[in-house]
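Biologist: Could you take me through one part of this model in some detail? I would like to start with the charged side chains and then see what lies around them.

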Amino acid sequence: VPVDDLINLVNYATGMNYTLEELMEVGGRSWNLKRVINHKLGLTRQNDTLPEIFMKPFPDGGSAGYVPPLEDMLKAYYKVRGWDNETGKPTPEKLHELGLSEYVADIWK
């Protein structure tokens, strides 16, 4: 779905007048809040993995012998998200930035 159409659909459905930037912020807030909830429920960085089949190299074909560099991928993803590399938690700074300050103490004790 083209981005402009998606924005229009959300605005029609909600009666709001969101811009792309505002929708991106809403998405960031919800994704980080989900991450906070997951950490409160006991999920950790160790749960951020790929299915086992993806971590075994295929014997032939275009991806023969290749295994995704999961650790490097996670580090890059956490950096872009503003999450702590050691724990996978949203950093206090990220939570403050998104207006989610009240959840800092829930996962950073």
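Which side chain meets Arg35 in a salt bridge?

Modeller: Happy to! Please keep in mind that this is a predicted model. The partner of Arg35 is Asp48, and their side chains meet in a salt bridge with an N to O distance of 2.5 Å. This pair links distant parts of the chain, since Arg35 sits in helix α2 (residues 20-40) while Asp48 belongs to the loop between α2 and α3 (70-81), 13 residues apart. Arg35 and Asp48 are both buried.

That bridge has company, as the structure holds five salt bridges. Among them is the one between Lys40 and Asp106, whose closest N and O atoms are 3.6 Å apart. Here Lys40 lies in helix α2 and Asp106 in helix α5 (residues 104-107), so the bridge ties together parts that are 66 residues apart in sequence. Lys40 has a relative accessibility of 52% and counts as exposed, because the cut-off for that class is over 50%. Asp106, with a relative accessible area of 27%, is partly exposed.

Another of the salt bridges joins Arg45 and Glu71, with the closest N and O atoms 2.7 Å apart. Arg45 is in the loop between α2 and α3, and Glu71 is in helix α3, so this pair ties together parts that are 26 residues apart in sequence. At 10% relative accessibility Arg45 counts as buried, whereas Glu71, at 37%, counts as partly exposed.

Now for the nonpolar side chains. The largest nonpolar core has six residues in all: Val36, Leu95, Leu98, Leu100, Val104 and Ile107. One of them, Val104, is in contact with Pro92, Leu95 and His96 once its neighbours within four places in sequence are left aside. Leu95 is thus both a contact of Val104 and a member of that core.

Helix α4 (residues 92-97) also holds Lys94. Despite its charge, Lys94 counts as buried, at 17% relative accessibility. Its side chain is joined to that of Glu97 by a polar contact of 3.1 Å. Not counting residues up to four places away in sequence, Lys94 touches Asn32, Arg81 and Gly82. Another lysine, Lys89, lies over the face of Trp108, at 4.8 Å from the ring centre.

The rings deserve a look too, as the structure holds three aromatic pairs. In one of these, the ring centres of Tyr77 and Tyr78 are 6.4 Å apart and the planes are at 55°, so the pair is tilted. The rings of Tyr78 and Trp83 also form a tilted pair, with centres 5.9 Å apart and planes at 45°. Together, Tyr77, Tyr78 and Trp83 form one aromatic cluster. Within that cluster, Tyr77 is partly exposed, with a relative accessible area of 34%. Tyr78, by contrast, counts as buried at 1% relative accessibility, and Trp83 is buried as well, with a relative accessible area of 7%.

Finally, a word on helix α1 (residues 3-14), where Val10 is found. Val10 counts as partly exposed, at 25% relative accessibility. Leaving aside neighbours within four places in sequence, Val10 is in contact with Tyr18 and Leu23. Between the C-alpha atoms of Val10 and Ala76 there are 30 Å in space, and these two residues are 66 residues apart in sequence.

Technical notes:
Residues are numbered from 1 along each chain as its sequence is written. This is a predicted model: local features need pLDDT of at least 70, side-chain atom pairs count only at pLDDT 80 or more; totals for chains, interfaces and linings use all residues. Side-chain values use heavy atoms; hydrogens and water are left out. Helices (H or I, at least four residues) and strands (E, at least two) are DSSP runs, numbered from the N terminus. Buried means under 20% relative accessible area, exposed over 50%, partly exposed in between (1.4 Å probe, protein chains only). Contact means heavy atoms within 4.5 Å. Rings of Phe, Tyr and Trp (its six-membered ring) pair if their centres lie within 6.5 Å; planes under 30 degrees apart count as stacked, over 60 as edge-to-face and the rest as tilted. A charge sits over a ring if NZ of Lys or CZ of Arg is within 6 Å of the ring centre and within 35 degrees of the ring normal. A polar contact is a pair of N or O atoms within 3.5 Å; within protein, one must be able to donate a hydrogen and the other to accept it, and residues adjacent in sequence count only if both atoms are side-chain atoms. A nonpolar core is a set of buried Ala, Val, Leu, Ile, Met, Phe, Trp, Tyr and Cys residues joined through side-chain atoms within 4.5 Å. A salt bridge is a side-chain nitrogen of Lys or Arg within 4 Å of a carboxyl oxygen of Asp or Glu.
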